Structures are given as C-alpha cells and as structure tokens.
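Trainee: Please take a close look with me at the cavities here, and spell out the cut-offs as you go.

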Amino acid sequence: MNDNQKLLFYSNAILKDGDFHDELAPAVVGYADLLFSITNIDGNLAAHRSHIETANGNAIGTFWAARCVMEIFRTQRFVKSLAAAINDVKDTKPEEAVHVLYAGTGPFAALALPIMATHLPADVQFTLLEINPESYSMLKVVLEKFNFNTFVSGIELTDATIWKIENQHFDIVLSETMDRALLKEPQVSIMLHIASQLKNETPIFIPEEIVVSLSARRQKEADKKHLINLISFNRDYMFDLIRKSEKGQWDFEEISVSFNADDKLYFETEITVYKDYKLIGNDSSLNFSTPIKLDKAKDNLTFRYTNVSTPGFHFQ
C-alpha cells in the first residue's frame, strides 16, 4: 500500500462503528507511525520538544503534540466526533461544504486527516491554525504529501487566542489544546476568544463539554468521593461568561468547598467530545486524576480558574 492507501485503511478502522474493536489499536498505532515517518519528528531535538509560552498558557512542543495521536480512545473519539458533527451539519445544508475551524493543529492536524481521507473537498473545508513554527512547517508537508490542500480554505501560523475572524463562517469549532484539569494549556482561552467573535452564529464546539471536579480520598480508603464540580466548560458556560465579562478579562466564578482536614484532594476531568462520544475514567491522559498539593492540612478552600499566564485553578 502507498501512504494514501494506508491512511484510508487506518481512517476507516478509526471511524468504524462501535467502541473498542480488534482493528482500533493497530489502526491508531499505524496512523501515528505513518505520520511520524512522513515528518521525521525527533524527540531528541530541542526544537521539536520545546513549548511556546503564551500569555494564556503553553503551546506544547511539536514532539509532545505528535505523541497525543498515540492515545487510542482520545484519537478515536475526537475523530468520530468530528465526523458525526460534520454529518449533522450536512443534514441541515446538504448542498454546501461544512466549514471547520481547527485551532491548534499540531504537526499533523491528526483529527482532520481521517475526515479528509474519507470525504470530498466539496463536503468539508478546514481553516487550520497553529502557533508553533516547527509544527506549522510539518503540517504543510503532511497536507502536500496526501494531496489534501484542496480541503484547506485557510492555514495560518498564528496564536489562536488572539486570531481575528475576518468575515468567515464556521459550522464547527474544534480545538484539542488541553491538559487534564484544564491546566497549563490554552484550551479555555482559545474557545472563549473564538466564541466572543461570533455574531449570531451557533457552531458546534468540539469538545462539547469539559467538566473539572474535585474529589477527596480519606486516609486508608481506596475509593475517592466526588465533592463538587468546579467548572462545566460548555457552550452555555462560555456565552454566559462572555456576556458578563469585559472582553478578554474573563470573570470566572469562585467556588468554596469544605472537606475533612485529613482528606487527600484531586482534580478529576471528564470530557464530552460530542454527543455520546466521551472520555472518562482512564480513557486517556486527559482524564488522569491530578493530586492537589497543600502546604498544610485544611478543611475548606476557595477555587477560581484563571486563563492567564499559567492556566489552572487557584485556591486559597
């Protein structure tokens, strides 16, 4: 098989009906290997490992962004979510191309390639944004390699947290620029910035919802107990925050919570990518519990999210 045939083979397996099946893991591994071989990403090179620090968090280095593709359920559920969302939009306007804004593509635009491999340019068009020059250069190589430039209505080397929408219409806004518990990376800032520029538009946002909650584990107990949701970052949350905030100065709410002083606290993350496609439990590294370090025992804290400098929950 040539590279385009391999991509189509892996894409069909990733998009196959059902959740886990025998073809899935080999397809995701093969997909990642194919993309690494085309771009020659080297984890030993500083230029491929270095993050870019922005005013709203780290844009992770090329190597680290590429490695995300290897997470089986993470890749599958985002790709299938995008395909499902495209189908839903097509149902409402069958004669027009669906326009997807993909902010933070990494070196592969890995969530878009299986769509390009299984659709026609007349069906779907992408605007691609990437901040890292190394990743941007590799992305152009990948698109050229597969002859996918006909799917691209725009591609820019830019910071998506400040990028201006210029008379474009988007049916779907896709960004997978997050770490667990919405720490460090600019997912929140990107989505809020894009949403704040929309005028009477109601695109589909992927992921649809990110819930970060607080859990506690008592000493000598195996199970953790859910305490409270700290944020449910979804369409309603975004537009409510936009209405009550000055643009770019987002007024995240404070949330107070009480617990036992000997509890060990954790951030938990659950993601609804789109409709029934979810990432929960230990489905991906985005869902891993994140322990909270306290300098001394406490029995109450106030949490507030910040998207500035180093994103995450501040507590006191």
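**The enclosed spaces**

Mentor: Let's start with what frames the largest cavity: strand 9 (225–234) and strand 14 (300–306) each supply at least two residues of its lining (strands are DSSP E runs of at least two residues, helices H or I runs of at least four, numbered from the N terminus). This is a predicted model, where local features need pLDDT of at least 70, side-chain atom pairs 80 or more, and totals for chains, interfaces and linings use all residues. Numbering runs from 1 along each chain as its sequence is written, and side-chain values use heavy atoms, without hydrogens or water.

Searching the whole structure turns up two cavities of 30 Å³ or more (sets of points on a 1 Å grid over the protein atoms alone where a 1.4 Å probe fits but cannot get out). The largest has a volume of about 60 Å³ (the space filled by probe spheres on points joined across faces, edges and corners).

Now go round its wall. Strand 14 gives the most, with three residues; Phe303, Arg304 and Tyr305 are the lining residues within its span. From the span of strand 9 come Leu230 and Ile231. Tyr237, Phe252, Glu253, Ile255 and Phe313 are also in the lining (an atom within 4 Å of a point). By class the wall has eight nonpolar, no polar and two charged residues (Ala, Val, Leu, Ile, Met, Phe, Trp, Tyr, Cys and Pro are nonpolar; Asp, Glu, Lys and Arg charged; the others, Gly among them, polar). The charged pair is Glu253 and Arg304, while the aromatic members include Phe252, Phe303 and Phe313.

The second largest cavity has a volume of about 40 Å³. Around it you will find Gln187, Met191, Phe205, Pro207, Glu208, Ile210, Phe233, Asn234, Arg235 and Met238. Helix 8 (187–197), strand 9 and helix 9 (235–244) are the elements giving two or more residues to this lining. Taken one by one, Gln187 and Met191 fall in the span of helix 8, and Arg235 and Met238 in that of helix 9. Phe233 and Asn234 fall in the span of strand 9, an element that also supplies at least two residues to the lining of the largest cavity.

The class count for this second wall is six nonpolar, two polar and two charged residues. Gln187 and Asn234 are the polar pair, and Glu208 and Arg235 are the charged pair. Set that beside the largest cavity, whose lining has no polar residues.

Terms used:
1 Å grid on protein atoms, 1.4 Å probe; cavity = no way out; pocket = protein on both sides within 12 Å on 5 of 7 lines; lining within 4 Å.
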